[in-house]
Every structure is written in structure tokens, then in C-alpha cells.
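Trainee: I have a model open and would like to learn how to read its sheets and its charged pairs. Where do we begin?

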Amino acid sequence: MKIIHTADWHLGNTFHGHDRHDEQAYFLDRLVDLLIEEQPDALLVAGDVFDTSNPSAAAERLFFDFLSRATAEVDGLQIVVTAGNHDSAARLEAPAAMLSTHRVFVRGTVRRTPDGEVDYGRHLIPLRRRGDDRVAALCLAVPFLRACDYPAGLTPSEGVAHFFRGLRQAASAHRNTGVPLVTVAHFYAAGADVCADEHSERLVVGGQECVDVERLPRGFAYVALGHIHKGQAVAGRADVRYAGSALPMSFSERGYRHGVVRVEIDEAGHAVATPVEVEPLRPLLSLPRQGAATADEMFRAVSRLPRIGPGDDGATWPYLEMRIVETQPEPLLVTRLLDALADRAVHFCRVVRSVPTAPEPDAPAIRSTDELAAMQPLDMARLLFAERFHSPMPEELERLFRVAEADCHESE
């Protein structure tokens, strides 16, 4: 059977204040096109459908419109959706009974039987082959698990492994034994490649919520994961993959390839996974591409950006960040840059400022309170400037400092 694996849509997300509705609609349109072209038996959505637990009406409309179009355009398509850590599990699952009549199965919460045991059977969803309606795989749908979903005292890795063991036992007792097992889940797998800077997955510092996939039960043909925004196989295992996010969620993801994964599973349970890129409507643009530029260099780079053309609605303009190394204080720098960008075809996001790196740690300049008391204001300003910018204070700044100092004396 053929499966399309996707995750981390984050519908309703805004990017540095910019609304992303058009970008999200564009991705879902391309996904519908891909489903029509590929004619898969199932679509697996591995969590973080929405960006917040209280999504807007517009974001929810995108989701339900997509489900309606996908199931109408691809006859017999089944869709399995699990909740991620950004989603409200109960809210995502609220229309589950109605959606199941359209072959859409949503699992957000972990429910228990009257005797307090986890209802593992509820998370087993038979996947049928389109056309002959034969069960070709059994899907184990696992939402983002919280501490209350597994026995107290277990670490997240132990808790997820415990939950999977329960699922595996339930699958062994299921009436559709003998078919390949597929998992769709949302967690942080140990060994996943995650950007060290500015990650937007809400990862716990220190990796305390990491799950060791080697501790999970064996025997799955494919494990479809969500949570990490970089599409990748985990720890060198081709059968355990992150689809990656639909759109870049931070500038640290500028080099990521976004899209989905096509998975083809034969009757023996052997899976072949192939990433399928879906290029975002708006790319990310960093000036400069590597490192940082001086203010003068940045203004020259801005002058080379394309101008806004007649009738240009900005739909495909890139998001722009500017990385500047400051050799002296420039309070009006951002204002001047915004003026320079006024007629350029970009969506401005931010200026990232840095200072020159010292060749080696500077020795403390002030060693006692007596030395501090004896210093003149200009000497202190020179010292602070040198400590921050690792160069002597320019003469023009010294002149302005003297003017300000004189004004202060006059006001006294």
C-alpha cells in the first residue's frame, strides 16, 4: 500500500508578525494536488496541526476544508491525524465521530476503560487498500503523550516505550494480525538532528523529553513522526522518519527542505520512504547569507534587492532578516533600514545585531572602587566602548559625549 506522511502544519502561525494564511493555504493546495497525483491509500498527519491550542476560525477552516477536499478528490482515502504538543488534544478530537464517517480518524487524547486501564484498542486503526477495501496495514496512532498518560515515576522515554508495548500487545490480539504495522506519533526522538539555535519545537532544555527509539518494540514497517521540523531519518533508520514541517518556523530552518514523505509498503512489510519536497510560497532570505555585515555593507545589499513592481501583491516575497555587526552605537539604524526597504519586494522580519568578537578575553580594566571614583566620565565611556566594541572610541562620538557632558553641567 501507499502512504503519504506529513506533520507540523502549525496552521494559524504568524512569522515575526506576518500572517501566514496564504502560505498555509498554498501548502494544503499543493498537498491536495499531490494526493490526486499519487493516489495513496492513506494520509498520516503526525501532530501539530495547529500552532496554538486555541486556533482561530480561519485556521480551523483551512483544516476542515482540506479534509473535505482530500477525501472528495481521492476516493477511498483514509486520513489518520494525531495531536501534537501545540494542539489542544480534546479540541482536535471533538468532531472525531463525524469525521470518522468520512474516513478521517483523529486521536488526540488517551482514554481509559472503566477499570482505569488505557484503552489501547482505540489507537489501532485498520488501513484499507483503496479499491478492494482489504485491510493492508494496522496503524498505531499515538498522540503527544503527557505524564498522566503513562505510569507515574517513568521518564518520558520510559513512558513512551511503556505505551508502545501496550499498543504492541493490543495489536497482537487484534483481528487483523499478520498485516504490516505502521505507527504515527509525535515526540522528540533521541538522535534527531535539531538546530542548536532558535529551535521552535518547544524542546525541553537538556533533552529530558528525548525518546530512545531503540527502546520501542520492534516489528513496525514504518514509524511516521512529527515534532522535529527538519525532515530526516532518525539515527540512521530508514523506517523511522520525521516528515518535517510544512513551512519554515524560524530563520534557523532556512536550509531545510520542507514537504512530505511517500511511503510504499509491500505485503511482507518492507517500506520504502521517499521525501517529496513542497517548496514554500515565501522563502527565507538572510543578509548576508553567512556571518554578519557592517551597516554600510547592509545598505548596499538592500539597494540590490528587487523593487516592488506594478500590481505586485507581495504573495511570494521572501521573509527578510538582516544580520549586522555594530562597530559603534547606532540608535536610528533600524529606522534608516526600514526607510531603505520601503520600496523593496521583501517582508521585513528583524535585525539581528552583534558586536565584533574580541581576539582574546580582555583583562579587567577597573580593579578597585578607588580607581572607579578617580575616573573622568569620558574615560569611563572610552573604557565601556572598548569593552563592548573592542576598538577605540571614535573621535566623533567623543565630541558628542563632551557636548552631552557640558549640557549636564549647565542644567545642574
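Mentor: We begin with a charged residue. This is a predicted model. At a relative accessibility of 26%, Lys230 counts as partly exposed, because that class lies between the 20% limit for buried and the 50% limit for exposed.

Trainee: With which residue does Lys230 form a salt bridge?

Mentor: The general idea is that side chains of opposite charge can pair when their charged atoms come close. Here Lys230 pairs with Asp193, and the closest N and O atoms are 2.5 Å apart. The two residues are 37 apart along the chain: Asp193 sits in the loop between β9 (181–186) and β10 (220–226), whereas Lys230 belongs to the loop between β10 and β11 (232–234). Asp193 is partly exposed too, with a relative accessibility of 38%.

Trainee: How many salt bridges does the model have by this rule?

Mentor: The count is 24. One of them joins Glu277 to Arg257, with 2.9 Å between the closest N and O atoms. This pair also links distant parts of the chain, since Glu277 is in strand β14 and Arg257 is in the loop between β12 (237–242) and β13, 20 residues apart. Glu277 is partly exposed at 42%, while Arg257 is exposed at 60%. Another salt bridge runs from Arg336 to Glu330, at 3.4 Å between the closest N and O atoms; Arg336 is partly exposed at 40%.

Trainee: Which residues are linked in a network of salt bridges?

Mentor: Arg129, Asp132, Arg134 and Glu267 form such a network.

Trainee: Now the sheets. What is the order of the strands in the six-stranded open sheet?

Mentor: In general, strands of a sheet pair through backbone hydrogen bonds, either parallel or antiparallel. In this sheet the order is β6-β5-β4-β1-β13-β14, with mixed pairing. β6 (104–107) and β14 (271–277) are the edge strands, each pairing on one side only. Neighbouring strands are turned against each other by 20° on average, direction ignored.

Trainee: In which sense do β5 and β6 pair?

Mentor: Strand β5 (residues 78–82) pairs with β6 in the parallel sense, over four bridges. Val80 stands opposite Phe105 of β6.

Trainee: Which strands does helix α1 touch?

Mentor: Helix α1 (residues 21–38) packs on the sheet and touches β1 (2–6), β4 (42–46), β13 (259–265) and β14. The helix direction makes about 170° with that of β1. Helix α2 (residues 57–73) lies across β4, β5 and β6, at about 155° to β5.

Trainee: Is Asn85, in the loop between β5 and α3 (89–93), buried or exposed?

Mentor: Asn85 is buried, with a relative accessible area of 13%. The Asn85 side chain makes a polar contact with the side chain of His186, at 2.9 Å.

Trainee: How does the open sheet of three strands pair?

Mentor: The pairing there is parallel, in the order β15-β16-β17. The edge strands are β15 (284–287) and β17 (347–354), and the twist averages 20° from one strand to the next. Four bridges join β15 to the parallel strand β16 (residues 319–325), and Leu285 stands opposite Leu320 in β16.

Trainee: Which helices pack on this sheet?

Mentor: Among them are α6 (residues 295–303), which touches β15 and β16, and α7 (residues 333–341), which touches β16 and β17. The direction of α6 makes about 155° with that of β16; for α7 the angle with β17 is about 150°.

Notes. Residues are numbered from 1 along each chain as its sequence is written. This is a predicted model: local features need pLDDT of at least 70, side-chain atom pairs count only at pLDDT 80 or more; totals for chains, interfaces and linings use all residues. Side-chain values use heavy atoms; hydrogens and water are left out. Two strands pair if DSSP finds at least two bridges between them. Axes are lines fitted to C-alpha atoms, for helices over the stretch in contact, and angles run from 0 to 180 degrees between N-to-C directions. Contact means heavy atoms within 4.5 Å. A salt bridge is a side-chain nitrogen of Lys or Arg within 4 Å of a carboxyl oxygen of Asp or Glu. Buried means under 20% relative accessible area, exposed over 50%, partly exposed in between (1.4 Å probe, protein chains only). A polar contact is a pair of N or O atoms within 3.5 Å; within protein, one must be able to donate a hydrogen and the other to accept it, and residues adjacent in sequence count only if both atoms are side-chain atoms.
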